[in-house]
Amino acid sequence: MTASATGSGGWRLAQGAYAGALAALPGMGPATLCALLERGAPADIWDSVRRGEIVRPPARGSSGGAGPRLSWAAAAAGAPLERWWDAWQRRGIGVTWPADPRYPRRLLSDPEPPGVLFWRGDLGRLESRCVAVVGTRRCSPDGRASAYDLGRDLAGAGVCVVSGLALGIDGAAHLGALDAPGAPSGTGSTVGVAASGVDVAYPARHAALWERVAAAGAVVSETPPGRPAQAWRFPARNRVIAGLVDMVVVVESHVTGGSLITADKAIDRGVEVRVVPGPVHAPFAAGSNQLLYDGPGPVRDAADVLDALGLVDHRPRRSGRRRPAPVARPEQLRLDPARPAPPPSAGGPAPPQSCSDDPPSSPPPPSVGPELRSPRPLGRPDGPHGEVLEAVGWRPTSLGRIVERAGRPVGSVGRILEELAAQGLFTEDRGWWQRTAGGGGRRE
Amino acid sequence: MFAAVPSATLIGVDGLTVRVEVHVTTGLPQFSIVGLPDASCREAKDRVRAAFSSSGLAWPQKRVTVNLAPTGQRKIGSGLDLPIAVATLVAAGQLPAEAVTDCGFIGELGLDGSVRRVDGTVALAAAIGAGAVVVGRDAAAEAAVVGRPRVLAASSLRQVVAALRGDDGWSPVPALPAPSRPAGEGDLCDVRGQPLGRLALEVAAAGGHHLLLVGPPGAGKTMLARRLPGLLPDLGPDDAFEVTRIHSAAGLRLPAGVMVTRPPFRAPHHTASTVSLVGGGTARMRPGEISCAHRGVLFLDELAEFPADVLDTLRQPLEEGRVLVCRARAAVSFPARFLLVAATNPCPCGGDGSPGGCRCSEASRTRYAARVSGPLLDRFDLRVGVERPDVTDLIAPAGARPPGESTSTVAGRVARARQQAADRGVASNAEIPAARLDDLAPLSPSGRRLLEVRLRQGRLSARGLHRVRRVARTLADLQGGPGPIDEEAVHAALALRAEPFTFEVVAS
């Protein structure tokens, strides 16, 4: 037993230590690791590797390659297993593999499952209803707001929000989930799937977000702790996201975006994909719009997602609930063209059919749906305010363009923009103005 | 035999009077120049001897010693050729001493005996204390702008000698054409759209505020910047003379009327070195681009491509209006009061900087933004985004849209606003001291409230506040309304102070 996995101390470590150590062998990829772990208990496999009975497979498509390749036996002999295991446990890092009962159930039937999954936090969150909210790092303020709202409202409805901890859409979705009101733990359930080790925050300025996600849900990764992400880890990470969820929602993606990989992998797995439509000329939505055109249906907000998942959204929504309950779908409502649209109820006397004495359980009157769907019960302001409102588009617009379109002095445009922004009609992001559909209260 | 004639050498942009003394004595034929001549000055020996022989003059077969007094100062340039030749002629007895009394000489000699212009003729002529100065014919107009010493022009050494002997006349000094606007300035009415850019130009011209234009390639940043000098008023007589002196010393082409009456426009490429920008040099202290742009516009295109250390040398001249260039041998002060206009892309990829509209990674945008130091960015009172014009606007026939205001209309407003600043006792609104802002730029209650809100939100710093108030002062002057500055002027001033570079700050 001297050269066995008992190590110098003569005691066996937990199986997880060996599983994790196998994942850390040089040149180890998910497929090799899975095949390896099918042979039995991780500790026994580790022993075989140490003894040289299981050797490193030859590099594919290369004869010799560049530089000397470290053999697995040599790597395993030099691996400070106990120190690793100690460090992982100290930092709250767990290890699971397919034979382990904690391994996420959805991944057991996955065509390309991770051989080993490292995690921090509560892995059990992945056994509940999970939705991935993914998208580009270089997103628009509106996309960010969409992702944030989706994260918040889905987590508020008890859905676990899965994303990739990246800048832009991913981060906004996590932040939204963390801010979900009314969730059991005071913060919503969210799981981040990382391409680097679970203790290597990437990007570095998301370190605080990683900690919050790990505390509120979990951060998981295939990459052994302490290792930065190699380029191939990112698409691999995206397949794990696709394998962990019931639905993938793409918020914004450039044509070459990694979130399109997540969508492809989800489609391969029979996981439903939905897309938040973006402006047709915007590069940041070109990929997601193409995806939308190719088939997956659109979603506008969390209510649509919950509807698509077959979950009735009966939680009280935040102010300005914009659509009727899923039973009365807008397309059904529009089947009756003879019914005249009611005048806007905001401000004026309420039309008789929308009296508030309806019993709350009855479906809302059909005619209310389309009206409430309009971007905002605007009653477009008159005069200069209206001109400025017209001049700002739904896409990010520079102040110069607004002044040009409105044909008013700069100072007056600046004043009106500020007034309208205070009403929540615009967001401003570093000099770029954009109309927003909803009211204020959006967090950047 | 001994003779001395006055001449001058150039130190920076100032002339230093030099007494050229020549001593001719018996001994072995020899020609030596003493008194700290630099290389170009020492070469005078060969040029002068060749010019003598080409002009049919006899070189004295004696020991000739030239001394350039004051001997402690290094003499620079070939302008001392002519005085050396003339003093030698006098000392050798080929010219009567009376012929050169009260007469200075400036000029380089060609091997064929021709007399040529040298750089800095304006400053050199101004340094001559004598009643008349002899210069090359091509430098006569330049020397004449000084006005004080009578200018005597000659095209060759032979003519100089003949005229001094009284055998021949001097060449006539050409009459100066009236100053005219340079053709290349361009008119503001050529600019389509760009309301913010136009306003920023007007404010920059009226208040002397430094301007940063941010926009993608092809948006028209350079086009706008080139139209700024046209908005500035003509230079006053003193300024014009000073600028002419600098340009003459830098060897720049002077306008047809010699006197530089329009504000200069200088646009150095971003490979410029520190010395070329600020001034200095080894052989001779030359004025840099910032001095060539004195009383005019210095345009730095692709600001972020300039080396950071080069840019940071601009900070002190921007504050003080002059730059003191110190070297081991001399310290030279160059005037450098210029309006700084810079242009930059919002990010390296050349996108328009809109959120989600560029290909750069956040890291590369952050790096790009860091290339321009905060203190320098802070000097720009005006920071304006410039966008590519609408396609429909560009291809629309010329008459489809009413043209924008022309340069002359805007220049009129600028002149009036500048007059108001002058009445207030400040050179320009950009130079109102912070302590006098309440006095000279009082705010209306609503304007004050707006600034208070911005300060509380952290969207405006204390220093930014002063700069916004100065710009608002200029905007109010342009509108011509008396009384305290109203809210809309403050709004416009805030709109003209956009964040130049956009990069994500994560709020997690």
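# A guided tour of two chains

Start in chain B and select β5, β8 and β9: these three strands form an open sheet in the order β5-β8-β9, with parallel pairing. Strands here are DSSP runs of E with at least two residues, helices are runs of H or I with at least four, and both are numbered from the N terminus. Two strands pair if DSSP finds at least two bridges between them. In chain B, β5 (103–105) and β9 (150–154) stand at the edges with a single partner strand each, so one side of each has no neighbour in the sheet. On average, neighbouring strands of this sheet are turned by 30 degrees against each other, direction ignored.

Before moving on, a word about what is on your screen. This is a predicted model, in which local features need pLDDT of at least 70 and side-chain atom pairs count only at pLDDT 80 or more, while totals for chains, interfaces and linings use all residues. Residues are numbered from 1 along each chain as its sequence is written, chains are lettered from A and ligands numbered from 1 in the order in which they are written, and side-chain values use heavy atoms, leaving out hydrogens and water.

**Still in chain B**

Zoom in on strand β8 (residues 132–136) of chain B, which runs parallel to β9(B) and is joined to it by five bridges. Which residue in β9(B) is the bridge partner of G136(B)? Select A154(B) to see it.

Next, show helix α6 (residues 157–165) of chain B, which packs on the sheet and touches β5, β8 and β9 of chain B. Contact means heavy atoms within 4.5 Å. The direction of α6 makes about 130 degrees with that of β9(B); axes are lines fitted to C-alpha atoms, for helices over the stretch in contact, and angles run from 0 to 180 degrees between N-to-C directions.

**Over to chain A: the sheet**

Now select the eight strands of an open, mixed sheet in chain A, in the order β1-β2-β6-β5-β4-β3-β7-β8. Its edge strands are β1 (93–96) and β8 (272–275) of chain A, each pairing on one side only. Inside this sheet, β3 (residues 130–134) and β7 (residues 247–250) of chain A pair in the parallel sense over four bridges. Look for V133(A), which stands opposite V249(A) in β7(A). Then add helix α12 (residues 286–294) of chain A, which lies across β7 and β8 of chain A and runs at about 125 degrees to β8(A).

**Helices of chain A**

Select helix α2 (residues 30–37) of chain A and colour P30(A), L33(A), C34(A), L36(A) and L37(A), which are buried. Buried means under 20% relative accessible area, exposed over 50%, and partly exposed in between (1.4 Å probe, protein chains only). Viewed down the axis of α2(A), its buried residues fall within an arc of 165 degrees, so they line one face of the helix; the arc is that of the directions from the helix axis to the C-beta atoms. The cover over these residues includes α1 (15–23), α3 (42–50), α4 (72–77) and α10 (233–244) of chain A.

Keep α1(A) and add helix α5 (residues 81–90) of chain A: the two pack at about 105 degrees, with their axes 10 Å apart. Among the residues meeting here are Y18(A) in α1(A) and W84(A) in α5(A).

Finish at helix α17 (residues 399–406) of chain A, where seven of the eight residues are buried. Among them are R401(A) and E404(A). Just after α17(A), select G407(A), whose phi is positive, near 65 degrees.
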